[in-house]
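User: Please take a close look at a single part of this model. I am new to it, so explain each term as you go.

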Amino acid sequence: MKGHAKAKDLIGLIQGRSNARRASLIESHLSACPECRAAYEIMKKTVTPAKGKSIKPAGAVYTRVMAFYNSYATRKTTNGTMPGIVSTKPKFRFSYAMVIASGACAGILAVFIIWHPQYDTAPLQASRVTGHVSADRHTLQKGQQISPGVLLTSGENSKFSIIHGRIMKLIAGPHTRIAITRSHIDRKTGKVFFEMIIDKGSIIAVFDNAGNLEYTLKTPHGKISSSGSKIAMKVDPSQTRVMVKNGSANISATGGNSMNTEEGSGYSITSNEVTTTLEPSEDEDNNTLYDRTVNELIEEDDDDGVID
Amino acid sequence: MLPREKISSIYKSYSGEIFRYLIKLSGDRDSAEDLLQEVFEKFIVYTSEKEIQENKYRPFLYTTAHNLCVNHLIKQNRTHPANFDEMEDSLKTDDTYHELMVADELNKKIYSLMETMDAESRSIFIMHKEGGLNYDEIAENLSLSSRTVRRRIKNIMVRLYDGLKNEGFIS
């Protein structure tokens with residue numbers, strides 16, 4: 001063993017986590033190195049009880065606990081839950097139950113008469129699946145319809161595309177996880193709403209900007225809302241990076257500011273703030289982010305997609 | 001409902017170690033006594049409704065003590081004394097407590113370093129250190145996996161190692 005034992009070696013030995021060979025190596029080092037031996041002894045003391053007199057709670061605590069027992073036992077007896085004692089609990093009133101049940105039925109009936117569903121589900125479809133992609137517990141198949149509530153997860157070297165007609169296409173790269181939370185059409189206006197949570201991975205998406213669509217993409221750090229744009233996004237544990245190629249969006253951090261995007265600008269979202277990564281005029285890196293993501297995700301993409 | 005004598009005997013068997021755990025976690029004798037009382041009150045109520053095996057008494061008491069104390073610390077948003085010298089001064093009238101808390105410099109430093117850690121991890125560590133509960137027992141008490149318990153204890157030990165090294169306890 002070279003040099004002194006590291007903290008993880010000592011802790012591993014104390015916790016019994018080291019394998020036999022490693023443990024014997026560390027033990028032989030400890031027997032030869034007084035410094036490490038001393039550190040090991042100190043660390044062992046951190047998990048042994050502190051010395052000192054064994055203290056006890058004041059006698060009054062015992063008295064109070066037993067007084068509680070007496071009073072509780074008396075109450076239990078009075079309430080009739082002790083064997084042989086008649087219950088004094090209020091009796092179930094059938095008439096009250098009937099009134100409540102009638103009210104509930106009338107309410108449900110009224111809802112059925114008045115209410116017409118305002119929204120229809122906007123069906124999403126998997127237009128391309130490469131490698132292993134799961135939809136909840138099943139494998140996602142090309143052409144499969146995806147309803148709100150489904151969790152899509154791509155594995156290593158895997159990617160997938162989902163589309164809604166020709167107005168929305170989203171391509172997700174490897175190790176991406178997306179929960180489709182909303183996907184519906186307003187019956188009256190024909191407007192389409194999408195909401196998805198992307199908690200890791202990378203996507204590139206085109207949402208039609210003809211004005212009849214609204215989408216929100218949520219990440220662990222914030223959200224992006226727009227009524228049509230082309231964006232690339234990468235979500236990692238510390239931040240979400242977004243590049244808006246076309247159109248505009250509103251980006252907000254979970255616990256901080258929000259801002260409206262400019263075309264061609266890149267943004268970084270952390271839990272506390274949204275920042276512009278580079279000005280549009282200097283945004284070579286932003287375009288690189290977009291182009292690289294496009295290249296990674298839509299290379300040889302021969303489905304019905306609309307991304308260019 | 002358990003008979004009075006049984007409750008009395010259970011109190012006498014376990015109140016010491018539960019109190020020791022509570023006082024180490026809360027850092028305050030009065031709170032520890034109040035919490036201990038509450039733990040046993042919950043035990044009385046629970047055993048009056050449901051039957052639990054004798055070998056589950058101790059896990060039940062630890063689980064309840066953990067939940068109550070961690071909630072208490074969160075509710076109080078408690079700021080412990082930044083160093084144990086202050087605590088020592090404030091407790092000079094209580095010789096027994098004083099001796100326990102500052103029995104030696106090393107333990108004083110260990111508890112001082114732990115003050116910056118979250119209440120739940122601290123609770124797990126104290127159960128292990130002072131209560132002598134192994135990872136499986138703590139895991140069962142707190143509905144965690146043994147692996148999680150071991151990892152949390154390891155994380156605290158790593159932080160203690162760094163802290164003790166900075167303070168010169170480890171060269």
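Analyst: A helix pair in chain B

Helix 1 of chain B and helix 3 of chain B cross in a right-handed sense (the near helix is turned clockwise from the far one by less than a right angle; anticlockwise would be left-handed). Helices here are DSSP runs of H or I with at least four residues, strands are runs of E with at least two, and both are numbered from the N terminus. The model is predicted, local features need pLDDT of at least 70, side-chain atom pairs count only at pLDDT 80 or more, and totals for chains, interfaces and linings use all residues. Residues are numbered from 1 along each chain as its sequence is written, while chains are lettered from A and ligands numbered from 1 in the order in which they are written.

Helix 1 covers residues 4-26 of chain B and helix 3 residues 57-76; their axes come within 10 Å and cross at roughly 30°. Axes are lines fitted to C-alpha atoms over the stretch in contact, with angles from 0 to 180 degrees between N-to-C directions. The two helices are therefore roughly parallel (under 35 degrees; over 145 is roughly antiparallel, 65 to 115 roughly perpendicular, the rest oblique).

On the helix 1 side of chain B, the residues in contact include Ile10(B), Tyr14(B), Ile18(B) and Leu22(B). Helix 3 of chain B contributes, among them, Leu61(B), Ala65(B), Cys69(B) and Leu73(B). Contact means C-beta atoms, placed from the backbone, within 7 Å. By class, the residues of this helix contact are 12 nonpolar, 2 polar and 1 charged (Ala, Val, Leu, Ile, Met, Phe, Trp, Tyr, Cys and Pro are nonpolar, Asp, Glu, Lys and Arg charged, the others, Gly among them, polar).

Confidence comes next. Chain B has an average pLDDT of 81, and 84% of its residues score at least 70; pLDDT is the predictor's confidence in each residue, from 0 to 100. Among the elements of chain B, helix 2 (residues 29-49) has the highest mean, 92, and helix 4 (residues 84-90) the lowest, 42. Residues 78-103 of chain B have pLDDT below 50, yet this stretch has 34 contacts beyond near neighbours in sequence. The model scores ipTM 0.80 and pTM 0.48.

Chain B also meets chain A, with 40 residues from chain B and 31 from chain A in the contact. Helix 4 of chain A gives the most to the chain A side, with 10 residues. That side has 19 nonpolar, 5 polar and 7 charged residues.

Notes:
Contact = placed C-beta atoms within 7 Å.
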